[in-house]
Amino acid sequence: MNSTLAATMGAVTTLWWRDIVRFYRQRSRIVGALATPLIFWLLLGSGFSGSFRAEGNYATFFYPGVMVMIVLFTAIFSTISVIEDRREGFLQGVLVAPISRGAIVAGKVLGGSTLALGQAALLLAAIPWLGLRPGASGLALALLVLTLIALALTALGFIIAWQLDSTQGFHAIMNLVLMPMWLLSGAFFPPTGAAGWMRPLIAVNPLTYGVAALREALAPGAAGTDAPSFGLALGVTAAFALVTFLAARALAERPLDARLA
Amino acid sequence: MSYAIVETNALGHNYGERRALDGVSLSIAAGEIFGLLGPNGGGKTTLFRILATLIRAARGSASIDGHDVVRDPHGVRRRLGVAFQSPSLDPVLTVHENLAHHGRLQGLARGDLGARIDELLAAFDLADRAGARVGTLSGGLARRADLARALLHRPPVVLLDEPTTGLDPRARLDLWRHLDLLRTQQGTAVLVTTHLMEDAERCDRLLLLDRGHVVAQDTPDALRREIGGDVIVIRGGDPETLADDIGRKLGESVSVVDGTCRIRRARGHEFVPALFEALPGRIEAVSVGRPTLEDVFIQRTGHPLWEDKESAAT
């Protein structure tokens, strides 16, 4: 192997490793990222069960949405460490190491994605109780879709975190941008029943396609004929991951603002 | 002079309208400890960040070991060991884990890295704390671990931003002992930013920086010599009135700095009795001493390094 490539791989691996170790040692983060979506699922799933008229029960409909929410929470909160690292001085040490900015972004995105995927995978254990029969291929596709969503959302979190100097700002963006993005993704209610003004927003929201692809992988045909095809949904989700990663890298390669240096 | 491993040429930088750095040229030789001395906001940190490749200078150029900081930041980073004001260590990881993590970022091979970490842990007296999480260490220990981190890849140039901040006197002494060894044994060039006189005195050469401009650049001794004589510092009542009276009655030129009256003259001790006789009951305290680097700074800029003495004590 070429020595530059080996050095880059080493750098990506160690940045990834650090994120995993940190997460494991900060137990409260595990609980926080997993418990919130589960409570949502329990309360909303039970609360809506009587009034929900789509096929199947609401808990099952909501299931892919809860997974995406877990991915969103874990991915986003893993990138908050970018802000903390910058404030505490850790990031500066990484920035003056002889590695490309792309390697820094890759290490962070892979770290956050691994955590997000790990948490979401825990929830796959619930499948037998939900009456879903995705089969081995459906399960593999679901994992692929979750991986792409995790990469995209972690890269998106990186883009936000890179430009902020306080974690408060991050929470504001979480509430004003990321939660609505999740709400308007078909995770929470079927897009077909939404008010007219919402439809275009849902259609341009890249997360809509991630949720649709995941829904289709877990329960083929259940989303109905109005849903985007699996191929389109998977393609958009892959593009979402690629674009956010490239944007994150381009952002990291720009000279730093004095405020953030 | 031996090989100039760090060079800058007319560096300048702005933050918005404010000129943070203007026309700064310096050169540092291999094996030299070079101090950047100046008040906070004087441009030290900006210069430091430009050399560390974190920000790009608006004007001028800088190079490390022949590599331009803008055109070849990678070449520069390979040759730099940098310790920032707050340690670049993860508090959740242990000392050893932090060093290993950073060593891998530096591209050190597995076997070499292990041996190098052990060597540095021993050199910095950290071997028994290798397994402790950095978050549990005292400020002084964390700083030592951070210095070990910066030296992992044996960089020929080390940049340290206010390295003695928060260190007790013993730890401060230890740090300087390490820097001395580094310089004599490995010929490392060390650049230290500081606002403290004790640190500045220990540097081979100093660059005095004020409001982004180079005020002076020389050895501490040469800087002091150029002032010459003694410095007499007088306190008592309103400093402006006191300065006027001293000037009128004794014919000395008095400057008022930071609430005190200062006079530079030869044979300062002989002047003290005359001072008390000329202004009976007005003098609260007098000190006579050789000029310090602070006097050099005052002489050149007309103001002290510290505008308020409160923060000087911290």
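**Chain B, its sheets and its contacts: a friendly walk-through**

In chain B, 68% of the contacts with a separation of 6 or more are between residues 24 or more positions apart. Keep in mind that this is a predicted model.

Me: How many helices and strands does chain B have, and what share of its residues count as buried?
Reply: Let's begin with the overall picture: the C-alpha trace of chain B spans about 75 × 45 × 35 Å along its principal axes. Its secondary structure comes to 12 helices and 14 strands. Of the 314 residues of chain B, the share that counts as buried is 43%.

Me: Into which domains is chain B divided, and how far apart are their C-alpha centres?
Reply: The domain assignment gives domain 1 (4-220) and domain 2 (224-312) of chain B. Where these domains touch, the contact takes 11 residues from domain 1 and 10 residues from domain 2 of chain B. The distance between the C-alpha centres of domain 1 and domain 2 of chain B is 36 Å.

Me: Which element gives the most to the side of domain 1 of chain B that touches domain 2 of chain B?
Reply: Elements that give two or more residues to that side are helix H7 (197-201), strand E9 (205-210) and strand E10 (213-218) of chain B. By class, the side has eight nonpolar, one polar and two charged residues. With three residues, the element that gives the most is H7(B).

Me: Which element gives the most to the side of chain B that touches chain A?
Reply: Here 26 residues of chain B are in contact with 24 residues of chain A. On the chain B side, helix H2 (73-79), strand E6 (80-83) and helix H3 (95-105) each supply at least two residues. By class, that side has 12 nonpolar, eight polar and six charged residues. The element that gives the most, with four residues, is H3(B).

Me: Which strands stand at the edges of the open sheet of six strands in chain B?
Reply: Follow the order of this sheet, E6-E7-E8-E3-E9-E10 (chain B), where the pairing is mixed. The twist averages 15° from one strand to the next. An edge strand pairs on one side only, and the strands that do so are E6 and E10 of chain B.

Me: In E7(B), which residue is the bridge partner of B:Gly81?
Reply: In E6(B), B:Leu80 and B:Val82 point one way while B:Gly81 and B:Ala83 point the other way, and all are buried. That fits a general pattern: in a regular strand the side chains alternate between the two faces of the sheet. E6(B) and E7(B) run parallel and are joined by four bridges. In E7(B), the partner of B:Gly81 is B:Val158.

Me: Which residue in E9(B) stands opposite B:Phe34?
Reply: Strand E3 (residues 33-37) of chain B runs parallel to E9(B), and four bridges join them. Opposite B:Phe34, in E9(B), stands B:Arg205.

Me: At about what angle to E10(B) does helix H11 of chain B run?
Reply: Consider the two helices that pack here. Helix H6 (residues 169-186) of chain B lies across E3, strand E7 (157-161) and strand E8 (189-194) of chain B, and runs at about 150° to E8(B). Helix H11 (residues 293-301) of chain B packs on the sheet, touching E3, E9 and E10 of chain B, and its direction makes with that of E10(B) an angle of about 135°.

Me: Why is one side of E2 and of E5 of chain B left without a neighbour in the sheet?
Reply: These strands belong to an open sheet of four strands with the order E2-E1-E4-E5 (chain B) and antiparallel pairing. Strand E2 (18-29) and strand E5 (67-68) of chain B are at the edges, so one side of each lacks a neighbour, since each has a single partner strand.

Me: Which residue in E5(B) stands opposite B:Ser63?
Reply: Strand E4 (residues 59-64) of chain B and E5(B) run antiparallel, joined by two bridges. In E5(B), the residue opposite B:Ser63 is B:Asp68.

Me: Which helix gives the most to the largest nonpolar core?
Reply: This core has 153 residues, of which A:Val68 and A:Val71 touch the most other members. The helix that gives the most, with 18 residues, is H3 (residues 58-88) of chain A.

Technical notes:
Residues numbered from 1 in each chain as written. Chains lettered and ligands numbered in written order. Predicted model: local features only at pLDDT ≥ 70, side-chain atom pairs only at ≥ 80, totals over all residues. Domains from an automatic or database assignment. Contact = placed C-beta atoms within 7 Å. Nonpolar A, V, L, I, M, F, W, Y, C, P; charged D, E, K, R; others polar. Pairing = 2+ DSSP bridges. Axes fitted to C-alpha atoms, helices over the stretch in contact; angles between N-to-C directions. Buried ≥ 20, exposed ≤ 12 C-beta atoms within 10 Å, placed from the backbone. Core = buried A, V, L, I, M, F, W, Y, C linked by C-beta atoms within 7 Å.
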